[in-house]
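Visitor: I would like a close look at a single part of this model, taken slowly and with its surroundings in view.

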Amino acid sequence: MTSEDDRLKTRLRQWQVPGMDPAAADRMLRGAMAHPQTRPWAEALMNQLTRGLSDWRYGLGYKLAAGMACLLLGFGLGSAPSDAPVNVAGVALMADAAI
Amino acid sequence: MPRVARGDALAFRLLAGRHMAKGHAIAFRITHNREDAEEAVQDALSKVWRNAARFDAGRAAFSTWFYSILVRCALDRMRRRPPDAEDIETFSDHLADPDQSSDAGWIRSFEARRIAAAVAVLPEQQKTAVVLCYYEDFTQPEAARIMSLNLKQLEGLLFRARKALKASLSDDE
């Protein structure tokens with residue numbers, strides 16, 4: 001910065017602004033605190049979900065665990081057929097009665 | 001800040017109290033209007049209070065975070081109502097020298113009004129750079145972080161602002 005720039009800076013300082021009214025400061029603080037604070041956990045959860053859906057490697061452990069759980073549930077439902085023979089005549093009678 | 005994030009009003013008052021006067025001066029110099037300056041400070045404080053939990057001390061100092069929010073709020077206010085001649089006349093009341101009855105006092109007041117008018121017509125980025133670096137004594141790296149610019153860009157803004165101010169303040173000397 002040249003001496004000319006320094007002179008300009010000194011000259012600019014002649015523009016003084018008024019201080020803040022203490023009552024206004026108190027009003028502003030009260031006004032600011034009247035707003036509810038954001039809850040960061042909801043935002044963090046949304047961020048993690050969004051990232052989890054867009055980046056396949058993010059939260060891989062959870063994804064694998066969820067996949068395994070689905071697989072086990074699927075096998076559980078699929079591998080427990082009823083041993084009793086279907087009573088076709090009985091079902092037909094029930095259907096007739098319903099009509 | 002962690003206490004503010006937990007809703008501690010006293011901690012917020014203490015923290016805000018350290019920066020409000022400087023924040024008000026910055027907002028006043030950007031908006032050229034007392035009402036808009038107060039609104040800008042209030043907007044910035046509201047954002048700080050609401051989003052305290054999002055503040056990451058590892059990324060920036062609180063002051064940098066607060067003043068960058070404040071500058072954006074002040075610029076938003078200014079865009080809604082750009083300073084005009086009436087504003088400058090109105091806020092010249094606030095520049096009044098207590099000793100304005102004397103010639104020296106009148107000259108000081110007149111000079112302050114000319115400087116304020118010259119700063120008012122600068123493009124908003126240049127004006128912000130001038131306010132932060134020349135009036136509020138932020139270092140250039142600090143001002144660059146507040147304005148989300150790199151140092152070269154800030155230096156360019158200050159260079160152009162100095163050129164424009166020299167031209168407008170020397171015109172009618």
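Visitor: Which residues have the most contacts inside the largest nonpolar core? Please then take me through the helix numbered 7 in chain B.

Guide: This is a predicted model, and in it the largest nonpolar core has 57 residues, among which B:L70 and B:A129 have the most contacts inside that core. B:A129 belongs to helix 7 of chain B, which runs over residues 124-135 and, with its 12 residues, reaches 15 Å from its first C-alpha to its last, close to the 16 Å expected at 1.5 Å a residue. Helix 7 of chain B is mostly covered, since 9 of its 12 residues are buried; B:A129 is one of these, and the buried residues also include B:K127, B:V130, B:L132 and B:Y134. Leaving aside neighbours within four places in sequence, B:A129 is in contact with B:A143, B:M147, B:L154, B:L157, B:L158 and B:A161. In soluble globular proteins, nonpolar side chains tend to be buried together. Following helix 7 of chain B comes B:D137, whose phi is positive, near 60°.

There is also the contact between the chains to consider, which takes 35 residues from chain B and 23 residues from chain A. Helix 7 is among the helices of chain B that each supply at least two residues of the side touching chain A, the others being helix 2, helix 3, helix 6 and helix 9. Helix 2 of chain B gives the most to that side, with 10 residues, and by class the side of chain B that touches chain A has 20 nonpolar, 6 polar and 9 charged residues.

Key. Residues are numbered from 1 along each chain as its sequence is written. Chains are lettered from A and ligands numbered from 1 in the order in which they are written. This is a predicted model: local features need pLDDT of at least 70, side-chain atom pairs count only at pLDDT 80 or more; totals for chains, interfaces and linings use all residues. A nonpolar core is a set of buried Ala, Val, Leu, Ile, Met, Phe, Trp, Tyr and Cys residues joined through C-beta atoms within 7 Å. A residue is buried if 20 or more other C-beta atoms lie within 10 Å of its own, exposed if 12 or fewer, and partly exposed in between; C-beta atoms are placed from the backbone. Two residues are in contact if their C-beta atoms, placed from the backbone, lie within 7 Å. Helices (H or I, at least four residues) and strands (E, at least two) are DSSP runs, numbered from the N terminus. The expected span of a helix is 1.5 Å times one less than its number of residues. Ala, Val, Leu, Ile, Met, Phe, Trp, Tyr, Cys and Pro count as nonpolar, Asp, Glu, Lys and Arg as charged, and the others, Gly among them, as polar.
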